[in-house]
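Hi there,

Here is the structure I promised to pass on to you. Please have a look at it first, and then read on for what turned up.

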Amino acid sequence: MIDGSQVQRANGLIREFNAAGVLAAGDVHVALRLGRLAGESDEQVLLATALVVRAVRAGSVCLDLRRMRDVAVDGGDAEPDRFDPAALPWPSIETVLAGLRRSPLVQGAAAGPLRPLRLVQAGGTDLLYLARYHRQEQTVRRILDERARTAPMIDVAAVETAVQTLFPDPPPDRQRLAAVLAVTRWTTLVAGGPGTGKTHTVARILALLNTVEPGLRIGLAAPTGKAAVRLQDEVRGQAASLELSQQLSAVTLHRLLGWHRGRARFRFGAANRLPYDVVVVDETSMVSLTLMCRLLEAIRPDARLVLVGDPDQLASVEAGAVLADLVGRPLSAGVVASADEPILAGPAGADVSSSAPTGEPPLTADERERLRGGIVRLVRGRRFGGAIADLAGAIRDSDADRTLALLHSGDEQIEFVPPGEWTALRADVVACAGRVRERAEVGDAVAALRELERHRLLCAHRDGPFGVGRWQREALGWVAQAQQERLDPHGWYPGQPLLVTANDYESRIYNGDTGVVVRRDGALVGAFQRGGDPFVLHPSQLPAVQTAYAMTIHRSQGSQYDAVTVLLPSTSSALLTRELLYTAVTRARHRVRLLGTDEVVRAAVQRRAYRASGLRWLPESNRPAAESAGS
Ligand SMILES: Nc1ncnc2c1ncn2[C@@H]1O[C@H](COP(=O)(O)OP(=O)(O)OP(=O)(O)O)[C@@H](O)[C@H]1O
C-alpha cells in the first residue's frame, strides 16, 4: 500500500513518481541510498531502482522492465481514479536499459563490493532484480534441478502392488499418479483446485511410503498455523484406516525450519539439514520465494519433498508466486528417466488416453510431459460438483462470457446481485448469527462452530466502501438489531465470531484461526476448531483477536464455508484479479453470492495478478546469449 508521504530530498523523475503516489517513501529512500553508496545519480536508473523495490513490495520477485508502466495505484477503493499512471513522464525502456547496463548498481562499484541489482534477459523480456531475490531464485532453480537429476532407489514390484491397493480406481487416476511420483522422485508437485482430493492423496502417499519403506521420518508443514492444523487433522482422520501413526503432527514452515523469536536465522539450513526423510508442504501457493529457498536449502538431497497446493489461488503476501511458477515452468533438460514409467502407465494394457468410467478425463500430452518433471494436477472435483465448480473453471480459464452466463443462469448454487442489493446478505448474516448464538448460549461449542461455517462474508479490501471495516460494522449493527441487544465488539458476548490476527504457539492459536465465544459453566470462553474436539480458551488467554462478521478473501484462503457472499470492489481496485475472484468463489461449498456488476466481473476475470519472476523461464544456463551484461 502506498504510504503517500513525499520524500523532500528526492529530485527529478523519482520525485515526480513519488508525488504521484506510484512510489512510496520507502521505495525512494532505498533507491537514493543505494545510488549514493554506488555513486549513481542517473535519474532513470534511480527510478528503475525504486520501481524494483516497489515491485517486490507488491509481490513480484523482480521488475519486468517491458511492463514497468503497468503500475496500479490502489487507494483501497477509497479513492478510485486517483491518478492516471500513463500521464507520468515514463522514460523509454531502451534508455533505462542502457543506463542500467553501465550503472555501478548493476556492474559493481570500483569503490567496494556493492552490486545490489541484477539485470537478466528471460522469456523475451528484461528483468531487474534486487540481488538478494536473484540469488534466492537461482538457489531454488539449482536445488530443484539437482534433485531432478537423480531418483530414489525403489522396488518397482512392491510399489506397484501397494499402489493397486491404495488406488483402486482405473487409470488415468491422477491421485494415483501423484502417489507414484511422490515415491519415485525426490520432488513432486501436486496441484489441484479445492476438493480435488489433495489431502486425501497426501494421506495415501504417506501410507504408500510407509508400506514400501517403513520407518521413514515424516515432516508435515504448511505456511500458516491454520493450514497446518487442518492438514494434521485431516491426515490423522485417515491414519487409522491407512495404518499410519496417529502421532503425525503438522507445523508451520517457520517452525519446521526452526524459527525462534529474536533469532535472525532459522536453525535448519544448508549447514544443518532437516532430519526428515519425507517433507510434505500443504497450501504451497502461500509460500514466498524466500521461504521456499530456505526450505530447499534445509532439505537433504536424499529426502523426498512433496509440494501440494492450488496454483490458481492468490499467492503469498510476500514476494513470489513460486507454486504457480514451478507448475508452469518448462522442464529442465536434466530430468532423470525414472523407474516409475511402467507404474505411471498403469497396469499392462491400461488406456490412459481415454476417460475413465469414473469421469476422470484423459491425460493430455502436456500432462504426460509434466509427469516426467514430477508435476501432476488433480482435476476431478470430489467435493462440490455442479455450478460452483463450473464457475471456478470458467474464471480459471479466463472465460468472461462463460463466467457471466453461469452467474446469470439462475442456478440455485449461484446468486449474482447488484452492489447495493444486500437484503439477502443481511438475512443470511442475521440468520447465521442467530443460530450461532443459540448454540453458544447453551455451551455447545461444536454446534456453534459448525453454524459459524454456514455463511461467510468476504471482501477484497480491508478499508473503503467495499472493505471489511465498513461491512463488519454494518453486519454487527444488523445482528445487534435482530438480537435486540447492544453488542460490544471489544468486549465478549456469546455467539461472537472471532478472528485471530497473530500466532501464539503457546496457546496453539494461529493467525487466521476463526472461533466463537460460547458460554460454559456460567463463564464465557473462546472455542476454536481442532479435529473433533474444539479447543477452548479463556478470553484473557487469547492473543490478538477481532470480532469478525466479515473477513478479507486473502484471509479466507485455506477455509471453506457452506455459503459465501463476496463483495466485489470497483474496477479501479488493483486487487480485482482473476486469482481473487477464483479464491473467493472456491471458498463456497454449496452456495455463492456475488455482489457486483458484469463490468466488474469481466474486469476481474480478464486481469491476472501479475507477479514478475524469472523462475517460470528456462534456466539462464540454457540460454547462453540471454544474460545481459553485469548479471
Ligand atoms: N479417491 C477418493 N475416493 C473417495 N473420496 C475421495 C477421494 N479423493 C477425495 N475424496 C473425498 O473428497 C473430499 C475432498 O477431498 P480433499 O479434502 O482431500 O480435497 P482437497 O483438494 O484437499 O481440498 P481443499 O483444497 O479444500 O483442502 C474429501 O471428503 C475426501 O475424503
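**What the model shows**

The chain's secondary structure amounts to 23 helices and 19 strands. Please keep in mind that this is a predicted model. The chain has 631 residues, and 51% of them count as buried. Among the contacts with a separation of 6 or more, 76% join residues that are 24 or more positions apart.

**A pair of helices**

Let me begin with helix α3 (residues 43-57) and helix α4 (residues 93-102). Their axes come within 9 Å and cross at roughly 95 degrees. An angle of 65 to 115 degrees counts as roughly perpendicular, and α3 and α4 are therefore roughly perpendicular to each other. On the α3 side, the contact is made by Q44, V45 and A48, while α4 brings in T95, V96, G99 and L100. Sorted by class, this contact of α3 with α4 holds four nonpolar and three polar residues, with no charged ones.

**A sheet with a helix on it**

Next comes an open sheet of three strands, in the order β1-β3-β2 and with antiparallel pairing. The edge strands are β1 (63-64) and β2 (117-122), each of which pairs on one side only. Between β2 and strand β3 (residues 125-130), the antiparallel pairing runs over six bridges. If you would like a place to start looking, V120 stands opposite L127 in β3. Helix α6 (residues 131-149) packs on this sheet and touches both β2 and β3. The direction of α6 makes about 110 degrees with that of β3.

**The annotated site**

Which residues does UniProt list for "binding site"? The entry, which is unreviewed, gives G192, G193, P194, G195, T196, G197, K198 and T199. I looked at two of the residues in that list. P194 sits in the loop between β4 (187-192) and α9 (198-212), and G195 is found in the loop between β4 and α9 as well.

Are these two loop residues, P194 and G195, buried or exposed? The cut-off for buried is 20 or more other C-beta atoms within 10 Å. P194 has 24 C-beta neighbours inside 10 Å, so P194 counts as buried. For G195, the number of other C-beta atoms within 10 Å is 21, so G195 is buried too.

Happy to talk any of this through whenever it suits you.

Best wishes

Notes
Residues numbered from 1 in each chain as written. Predicted model: local features only at pLDDT ≥ 70, side-chain atom pairs only at ≥ 80, totals over all residues. Helix = DSSP H or I, 4+ residues; strand = E, 2+ residues; numbered from the N terminus. Buried ≥ 20, exposed ≤ 12 C-beta atoms within 10 Å, placed from the backbone. Contact = placed C-beta atoms within 7 Å. Axes fitted to C-alpha atoms, helices over the stretch in contact; angles between N-to-C directions. Parallel < 35°, antiparallel > 145°, perpendicular 65-115°, else oblique. Nonpolar A, V, L, I, M, F, W, Y, C, P; charged D, E, K, R; others polar. Pairing = 2+ DSSP bridges. UniProt positions renumbered as here; feature names shortened; annotations may be inferred.
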